[in-house]
Amino acid sequence: MKIQENIPLAPLTTLQVGGAARYFAAAASEDDVREAAQFAKTKHLPLFILGGGSNLVVADSGWPGLVLKIAIGGVTSQREEGTVTFDVGAGVDWDDFVAQSVAAGCAGAECLSGIPGSVGGTPVQNVGAYGQEVSDAIESVRALDLKQDRVVALPNKDCGFAYRTSIFNTTHCGRYIILRVSYRLKKDGAPSLKYADLKKHFSTWSTPPALSDVREAVRQIRRSKGMLIVPGDGDSRSAGSFFKNPVLSDTQFQDLRRRAEVRGLEIPSYPALAAQHKVSAAWLVEHSGFSKGYAVGPARISSKHALALVNSGQASAADMVRLKEQLQNKVQENWGIMLDPEPVFVGF
Ligand code: EPU
């Protein structure tokens, strides 16, 4: 495996900011991953695992160690009664896999269509959208355990999945390198139509939509919100949602409601949010004095969705962080809530 030096990372991310990797390698096999991990260990280099680069903010100073791009491919499937289990290489493009599962008539990932990134990233932040989360479909995760120096298969229950979290980005951050993920999907299952935007999309249909219709609808909705990577659409030069929707305690929620009442406002609530005691971060941003399109130099809020922060072209990581802090401070000032960023910050 070739280990390169001083490779710019910005072009490998959807936000397109940040500096270079001191060392860079792409691993196409499990052996490559082991070799790269050994290289980093021997040279005492910090190791960063890169997937599709869709949820990252790379610091302007770059990464001082080894960036390992996971390029492990391959999709195999096994059919059992009523289900199909897909075993997918961590480097496979997530949306290509979703397209394949939908074409095979398998339900469980259709609402996760159009999400940029690679398969290996999906368990890390428990990717979710339009009423589905990958944790509902993941059977197990195959990973190299750097602590024990062996390959392990972690069953779903050991992955600690919750809203946008797992053991991989919390308690065991940096311990595992994800190699493959297996998803168990429902053969000939009906598509999930839980989310309000999706229900609305199909409200005039007289027949139930097929899995492929739901996939198309999700991609359309994502496009309208700037959450689909569309070449030429500047609004998609982002890391998706820049903040998590805050999960509040009862007391915090009452406090928020009181603050809204004083201003004659009502906190929007939807089943998808209410189910997990979440409030909309986009709404909080828009009710703290910011509008879509608001810019601080070359960093701006998307013109299509208040949660996406966009690099207008020449933004640095510092520009993005400046905008992020402005939004966090104003939301805190107005609503008493500190917004938690959703992307991973690399090299800060
Ligand atoms: N809203 C605003 N302003 C906006 C957009 C939304 O006030 O610009 C309010 C509205 O009240 C709207 C509500 O927020 O009805 C919910 O908006 P939306 O359906 O766009 O969902 P979201 O909560 O903002 C979450 C995920 C997205 C995911 C969608 C759909 C997080 C942080 N974000 O966004 O995930 O696609 O739901 O399920 O949970 C991502 O994580 O990168 C991502 C794009």
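**Backbone outliers, ligand shell and strand pairing**

At 62% relative accessibility, D188 counts as exposed, the cut-off for that class being over 50%. The model described here is a predicted one. D188 is placed in the loop that runs between β13 (176–187) and α4 (196–201). Its backbone has a positive phi of about 55°, although D188 is not a glycine. Most residues other than glycine have a negative phi. A second non-glycine residue with a positive phi is Q16, for which the angle is about 60°. Q16 also belongs to a loop, in this case the one between β1 (4–8) and β2 (20–27). With a relative accessible area of 40%, Q16 is partly exposed, because that class lies between the limits of 20% and 50%.

The shell around the ligand consists of 25 residues, of which Y130, Y195, Y270, E286 and H305 come nearest. By class, twelve of the shell residues are nonpolar, eight are charged and five are polar. Domain 2 (75–224) and domain 3 (234–346) each supply at least three residues to this shell. Helix α8 makes the largest contribution, with three residues.

Several polar contacts involve oxygen atoms of the ligand. In N245, an N or O atom of the side chain is 2.8 Å from a ligand oxygen. For K292, a polar side-chain atom is found 3.3 Å from an oxygen atom of the ligand. In W283 the backbone is involved instead: one of its N or O atoms lies 3.4 Å from a ligand oxygen. Taken alone, the ligand exposes 820 Å², and 85% of that area is buried by the protein. The elements giving two or more residues to the shell are β14 (238–241) and α8 (281–286).

S280 is located in the loop between α7 (271–274) and α8. The relative accessibility of S280 is 15%, so S280 counts as buried, the limit for this class being under 20%. Along the chain, S280 and I167 are 113 residues apart, and their C-alpha atoms are separated by 25 Å.

Strand β14, which contributes to the ligand shell, is also part of an open sheet of four strands. The strand order is β14-β17-β16-β15, with antiparallel pairing. The edges of the sheet are formed by β14 and β15 (295–296); each has a single partner strand, and therefore one side of each is left without a neighbour in the sheet. Between β14 and β17 (residues 308–311), the antiparallel pairing extends over two bridges. The bridge partner of S241 in β17 is A308. Strands of a sheet pair through backbone hydrogen bonds, either parallel or antiparallel.

A parallel arrangement is found for β3 and β5 (residues 63–70), which pair over four bridges. Within this pairing, I49 has L68 of β5 as its bridge partner. Strand β3 spans residues 47–50 and has two faces that differ in cover: F48 and L50 are on the covered face, whereas L47 and I49 are on the uncovered one. In a regular strand the side chains alternate between the two faces of the sheet. I49 thus combines a place on the uncovered face of β3 with a bridge to L68 in β5.

Conventions: Residues are numbered from 1 along each chain as its sequence is written. This is a predicted model: local features need pLDDT of at least 70, side-chain atom pairs count only at pLDDT 80 or more; totals for chains, interfaces and linings use all residues. Side-chain values use heavy atoms; hydrogens and water are left out. Buried means under 20% relative accessible area, exposed over 50%, partly exposed in between (1.4 Å probe, protein chains only). Two strands pair if DSSP finds at least two bridges between them. A residue is near a molecule or strand if one of its heavy atoms lies within 4 Å of it. A polar contact is a pair of N or O atoms within 3.5 Å; within protein, one must be able to donate a hydrogen and the other to accept it, and residues adjacent in sequence count only if both atoms are side-chain atoms. Accessible areas come from the Shrake-Rupley method with a 1.4 Å probe; for residues, only the protein chains shown count as cover. Ala, Val, Leu, Ile, Met, Phe, Trp, Tyr, Cys and Pro count as nonpolar, Asp, Glu, Lys and Arg as charged, and the others, Gly among them, as polar. Domain bounds come from an automatic or database domain assignment.
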